[in-house]
Amino acid sequence: MTVRVGILGCGNIGSYIASALGDRQDIRVCALFDKEVERAQALCQRITPTPKVVAGVEGFVGCCDLVVEAAAPDAVESLIKKTLGYCDLIILSVGGLIREGTLDFAEKTAKECKTKLYVPSGAITGLDVIKASAKKGLRKVKLTTTKNPRSLLDVSYLKEKNIDLNSLSAPLIVFKGTAKDAVEFFPKNINVAAALSLCGVGVEETRVEIVADPGITTNSHEVEVEGVFGKMYVKLENLPSPENPKTSYLAALSVLRQIEEYVGGVKIGT
Ligand SMILES: NC(=O)c1ccc[n+]([C@@H]2O[C@H](COP(=O)([O-])OP(=O)(O)OC[C@H]3O[C@@H](n4cnc5c(N)ncnc54)[C@H](O)[C@@H]3O)[C@@H](O)[C@H]2O)c1
């Protein structure tokens, strides 16, 4: 059986996924959507057999078994509302799932319609430990994300705080607070905080620090967790994607693996 895949968001990750799936016989990329239609059209030219470019997320219904979202948190709610009743979803812009009512609606729809919503680990690690132990008790979940200031230049929150990223000569903590605020103020940069929160103690209890460090070229994520299972400290140093310094290469690889497991039917790891 060939799995028919739709892709929402034809930027860095969406394009990588579409091209990587092109070599497989058991998967066919059959529909693309991007709010910038020329991006979807350009990607369409690079895939064989040629997928169709749809005019909105409704266009995925009826022609896709699985839709992969690689767009933006504000695209998530409408995608879930309009398509989860008909096909399975992989959501990468996890920040979109913490908006009031969105996850509850998704759970209800998936149950009623026998569809599934998957959230890959993306650019973070340690979700397995947090997931497995959350219900038995976690005392602390803290994320420290360190990025080159170049990745944060267009963040309005930092402009409003008059933080001049161009003049930094040493690491600076630019945010300290809850995952809820981190996702709101850094919507394009900190989906990992949303993923940690959803697996663990929620957006109000998960603590986040964001550091701008002009001396690094990686996106690093340090996760500290304490709970009934014991303690965990992990540090992941992600290389940025060559085409988009805001996102990590691992995120695209993680989605690809999730699609492979979806098609293969076997999932290793919690
Ligand atoms: N979960 C994670 O660990 C993780 C890691 C990296 C990236 N991400 C997220 O994945 C998403 C894609 O990342 P990317 O590097 O490919 O970004 P990108 O900017 O390269 O591409 C995003 C594409 O989506 C399109 N788009 C944006 N909003 C849209 C909307 N509402 N409807 C339709 N199209 C829309 C844009 O025009 C663009 O072509 C982003 O939201 C990013 O924050 C998550």
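## Close-ups of a two-domain protein and its ligand

**View 1. Two domains make up this predicted model.** The protein chain splits into domain 1 (3–119 + 250–264) and domain 2 (127–238), with bounds that come from an automatic or database domain assignment. Their centres, taken over C-alpha atoms, are 25 Å apart. Domain 1 puts 9 residues into the contact and domain 2 also puts in 9 residues, where contact means heavy atoms within 4.5 Å. Because this is a predicted model, local features need pLDDT of at least 70, side-chain atom pairs count only at pLDDT 80 or more, and totals for chains, interfaces and linings use all residues. Residues are numbered from 1 along each chain as its sequence is written, and side-chain values use heavy atoms, with hydrogens and water left out.

**View 2. Here is where the domains meet.** The size of an interface is often given as the accessible area lost when the parts come together. Domain 1 and domain 2 bury about 700 Å² between them, with 81% of it on carbon and sulfur atoms. (Buried area is the accessible area, found with a 1.4 Å probe, that two parts lose on being put together, summed over both.) On the domain 1 side, look for V94, I98 and L250: they lose the most area to domain 2, together 60% of what that side buries.

**View 3. The ligand lies between the two domains.** Both domain 1 and domain 2 give residues to the shell around the ligand, so that is where it lies. Of the 28 residues around the ligand (each with a heavy atom within 4 Å of it), I13, D34, R39, S93 and N191 come nearest. Sorted by class, the shell has 14 nonpolar, 8 polar and 6 charged residues. (Ala, Val, Leu, Ile, Met, Phe, Trp, Tyr, Cys and Pro count as nonpolar, Asp, Glu, Lys and Arg as charged, and the others, Gly among them, as polar.) Helix α1 (12–21), helix α8 (191–199) and strand β13 (244–248) each supply at least two shell residues; helices (H or I, at least four residues) and strands (E, at least two) are DSSP runs, numbered from the N terminus.

**View 4. Polar atoms of the protein meet the ligand.** A polar side-chain atom of N191 sits 2.7 Å from a ligand oxygen. A backbone N or O atom of L92 is 3.0 Å from a ligand nitrogen, and a polar backbone atom of K188 is 3.4 Å from a ligand oxygen. The protein covers 87% of the 860 Å² of accessible area that the ligand has on its own (Shrake-Rupley method, 1.4 Å probe).

**View 5. Zoom in on N191, in helix α8.** N191 touches P73, L92, S93, V94 and G95, leaving aside residues up to four places away in sequence. Polar atoms of its side chain lie 2.9 Å from the backbone nitrogen of V94 and 2.9 Å from the backbone nitrogen of G95.

**View 6. A cis peptide bond joins T48 and P49.** Its omega is about -10°. You'll find P49 in the loop between α2 (37–45) and β3 (52–53).

Technical notes: A polar contact is a pair of N or O atoms within 3.5 Å; within protein, one must be able to donate a hydrogen and the other to accept it, and residues adjacent in sequence count only if both atoms are side-chain atoms.
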